[in-house]
Amino acid sequence: MCLTEGEYEMVVIEALKSNNTLEILNLECNNIGKKGAKAIAEVLSTNKTLIALFLGGNILKSKGTKYISNALKANKRLEELTLNHNELQDKGVKHICETLSINTKLKELDLTYNSIKKEGARIIADMLIVNKHSLSCP
């Protein structure tokens, strides 16, 4: 069942607010855009149980990625984040990489198929040099 972007605000927030056991959440290929990303980020910033979040194949773009990035500044539990196929481009990559200087818990990050150009590649390379934790990018 595919939910519309607006439905994520109600469904995801309410379900995750009351759930204190879920460790893996797969929301791939559900047409999640900036509104859905904002709803997910609201919960992610306070969630203490999720260790893996799969958001590949959506339409987050840089704006949606900014919401997720801001949530990761507060979330110290998430270890794996998949953002492949989200049209992030260099600006979205920049949001994520800036956050990773604060959040050192994340160990796996998938940014494949996001139209990343030379500037985005440089941002990723700089982040990997600066951050001393063990982050792997497929």
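**Figure 1. Overall fold of the predicted model.** The secondary structure of the chain comes to five helices and four strands, in a model that is predicted. Followed along the sequence, these elements give the pattern α-β-α-β-α-β-α-β-α. Of the 138 residues in the chain, buried residues make up 46%. A search of the whole structure finds five salt bridges, and some of these are treated in the later views.

**Figure 2. The largest nonpolar core, with 33 residues.** Within this core, the residues with the most contacts are Leu55, Ile68, Leu81 and Leu83. Helix H1 (5-18), H2, H3, H4 and helix H5 (118-130) each supply at least two residues of the core. Which helix gives the largest share of this core? That share, six residues, comes from H2. As a general background to this view, nonpolar side chains in soluble globular proteins tend to be buried together.

**Figure 3. A positive surface patch formed by lysines.** The patch is made up of Lys34, Lys35, Lys38, Lys63, Lys66, Lys73, Lys91 and Lys94. At least two residues of the patch are supplied by each of helix H2 (34-44), helix H3 (61-74) and helix H4 (89-99). One of the patch residues, lysine 35, has its place in helix H2. Helices H2, H3 and H4 are also among those that each supply at least two residues of the largest nonpolar core, so that these helices appear both in this view and in the view of the core.

**Figure 4. The salt bridge between glutamate 87 and lysine 61.** The closest N and O atoms of this pair are 3.6 Å apart, which lies within the 4 Å cut-off used for a salt bridge. The bridge links distant parts of the chain, since glutamate 87 lies in the loop between strand S3 (80-82) and H4, whereas lysine 61 lies in helix H3, 26 residues apart. Are the two partners buried or exposed, or do they fall in between? Glutamate 87 has a relative accessibility of 39% and therefore counts as partly exposed. Lysine 61, with a relative accessible area of 42%, is likewise partly exposed.

**Figure 5. Backbone of lysine 61 and glutamate 87, two residues with a positive phi.** Lysine 61, which is found in helix H3, has a positive phi of about 55° although this residue is not a glycine. Glutamate 87, found in the loop between S3 and H4, has a phi near 55°, again a positive value in a residue other than glycine. For context, most residues other than glycine have a negative phi. The side chains of these residues are the partners of the salt bridge in the preceding view.

**Figure 6. A salt-bridge network in helix H5.** Arginine 122 forms a salt bridge with glutamate 119, and the closest N and O atoms of the pair are 2.4 Å apart. Because arginine 122 and glutamate 119 are three residues apart in helix H5, they are separated by about one helical turn. Arginine 122 also takes part in a salt bridge with aspartate 126, for which the closest N and O atoms are 2.6 Å apart. Here the partners are four residues apart in helix H5, and aspartate 126 and arginine 122 are therefore separated by about one helical turn. Salt bridges that share partners thus join Glu119, Arg122 and Asp126 into one network. Arginine 122 counts as partly exposed at 41% relative accessibility, as does glutamate 119 at 39%. Aspartate 126, at 32% relative accessibility, also counts as partly exposed.

**Figure 7. Asparagine 70 and glutamate 98.** Asparagine 70 is found in helix H3, and its relative accessible area of 38% makes this residue partly exposed. How far apart are the C-alpha atoms of asparagine 70 and glutamate 98? These C-alpha atoms are separated by 9.6 Å, while the two residues are 28 residues apart along the chain. Helix H3, in which asparagine 70 is found, spans residues 61-74 and supplies at least two residues of the positive patch.

Terms used
Residues are numbered from 1 along each chain as its sequence is written. This is a predicted model: local features need pLDDT of at least 70, side-chain atom pairs count only at pLDDT 80 or more; totals for chains, interfaces and linings use all residues. Side-chain values use heavy atoms; hydrogens and water are left out. Patches are made of residues with over 30% relative accessible area and no salt bridge: like charges are joined within 9 Å, nonpolar side chains (Val, Leu, Ile, Met, Phe, Trp, Tyr) within 5 Å. Accessible areas come from the Shrake-Rupley method with a 1.4 Å probe; for residues, only the protein chains shown count as cover. Lys and Arg count as positive and Asp and Glu as negative; His and the chain ends are not counted. The place of a charge is taken as NZ of Lys, CZ of Arg, CG of Asp or CD of Glu. Buried means under 20% relative accessible area, exposed over 50%, partly exposed in between (1.4 Å probe, protein chains only). A nonpolar core is a set of buried Ala, Val, Leu, Ile, Met, Phe, Trp, Tyr and Cys residues joined through side-chain atoms within 4.5 Å.
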